[in-house]
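Colleague: Please bring up the model. I would like to go through how its labels were assigned.

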Amino acid sequence: MSVLATTMLLIAGIRNRDVFTQLVDSEVIRLLDPGRLKSIKMIQKYISKLNDEHISLISLISYVAYEVVDTTKTLHEKLNLWIDDNIKNID
């Protein structure tokens, strides 16, 4: 991706949170297989219901990404582990 295109996407994301959320959500969709995507959406709905407010996928991913900072695991590995740990609470 060119620097100009990246800059335009960043500016759009700053000005419009929905654009940023859609970009991140589409990246997560690309990163996860269909079963994992279904699981993270189930976890998202469960957490949203517990908190009585909508929790976005970007919020969940940001939380998991924050945990990656202190580990040697990639975001993809950490996200899969997090899904495995939390999907058990829903069943």
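Modeller: This is a predicted model. To begin with one pair, the side chains of N80 and R36 are joined by a polar contact of 3.0 Å.

Colleague: What makes the pair N80 and R36 a polar contact?

Modeller: The cut-off is 3.5 Å between N or O atoms, where one must be able to donate a hydrogen and the other to accept it. The side chains of N80 and R36 come to 3.0 Å, so the distance is within the cut-off.

Colleague: Where is N80, and why is N80 called buried?

Modeller: N80 is in helix α5, which covers residues 75–87. The relative accessibility of N80 is 15%, and buried means under 20%, so N80 counts as buried. With neighbours within four places in sequence left aside, N80 is in contact with L32 and R36.

Colleague: Which residues make the contact between α3 and α5?

Modeller: Let me give the geometry before the residues. The two helices, α3 and α5, pack with their axes 10 Å apart and at an angle of about 55°.

Colleague: Why is α3 called oblique to α5?

Modeller: Roughly parallel needs an angle under 35 degrees, and roughly perpendicular needs 65 to 115. The angle here is about 55°, which falls in neither range, nor is it over 145, so the pair is oblique. The crossing of α3 and α5 is left-handed. On the α3 side the contact is made by R36, S39, I40, M42, I43 and I47, and on the α5 side by L79, N80, W82, I83, D84, N86 and I87.

Colleague: M42 is among those residues of α3. Why does M42 count as partly exposed?

Modeller: The relative accessibility of M42 is 32%. Partly exposed lies between the 20% limit for buried and the 50% limit for exposed, so M42 is given that label. Not counting residues up to four places away in sequence, M42 touches I87 and I90. M42 and I90 are 48 residues apart in sequence, yet their C-alpha atoms are 7.8 Å apart in space.

Colleague: What about S48: how do you know that S48 is buried?

Modeller: S48 has 12% relative accessibility, and the limit for buried is under 20%, so S48 qualifies. S48 belongs to helix α3, residues 34–51. A polar atom of the S48 side chain lies 2.8 Å from the backbone nitrogen of I55. Beyond four places in sequence, the contacts of S48 are E53, H54 and I55.

Colleague: What makes D52 exposed?

Modeller: D52 has 72% relative accessibility. Exposed means over 50%, so D52 counts as exposed. D52 sits in the loop between α3 and α4, and has a positive phi of about 55° although it is not a glycine.

Colleague: And A65 in helix α4: why is A65 called partly exposed?

Modeller: The relative accessible area of A65 is 30%. That is between the limits of 20% and 50%, so A65 is partly exposed. Helix α4 covers residues 57–68. A65 and H76 are 11 residues apart along the chain, with 9.2 Å between their C-alpha atoms.

Colleague: Now the protein as a whole: how many helices and strands are there?

Modeller: There are 5 helices and 0 strands, and from the N terminus the order is α-α-α-α-α. Of the 91 residues, 30% are buried. The accessible surface comes to about 6,600 Å², with 58% of it belonging to carbon and sulfur atoms.

Colleague: What share of the contacts with a separation of 6 or more comes from residues 24 or more positions apart?

Modeller: Such residues account for 47% of those contacts.

Technical notes. Residues numbered from 1 in each chain as written. Predicted model: local features only at pLDDT ≥ 70, side-chain atom pairs only at ≥ 80, totals over all residues. Heavy atoms only, no water. Helix = DSSP H or I, 4+ residues; strand = E, 2+ residues; numbered from the N terminus. Buried < 20%, exposed > 50% of the residue type's maximum accessible area, 1.4 Å probe, protein only. Contact = heavy atoms within 4.5 Å. Areas by Shrake-Rupley, 256 points an atom, 1.4 Å probe, with all protein chains shown as cover. Axes fitted to C-alpha atoms, helices over the stretch in contact; angles between N-to-C directions. Left-handed = near helix turned anticlockwise from the far one by under 90°.
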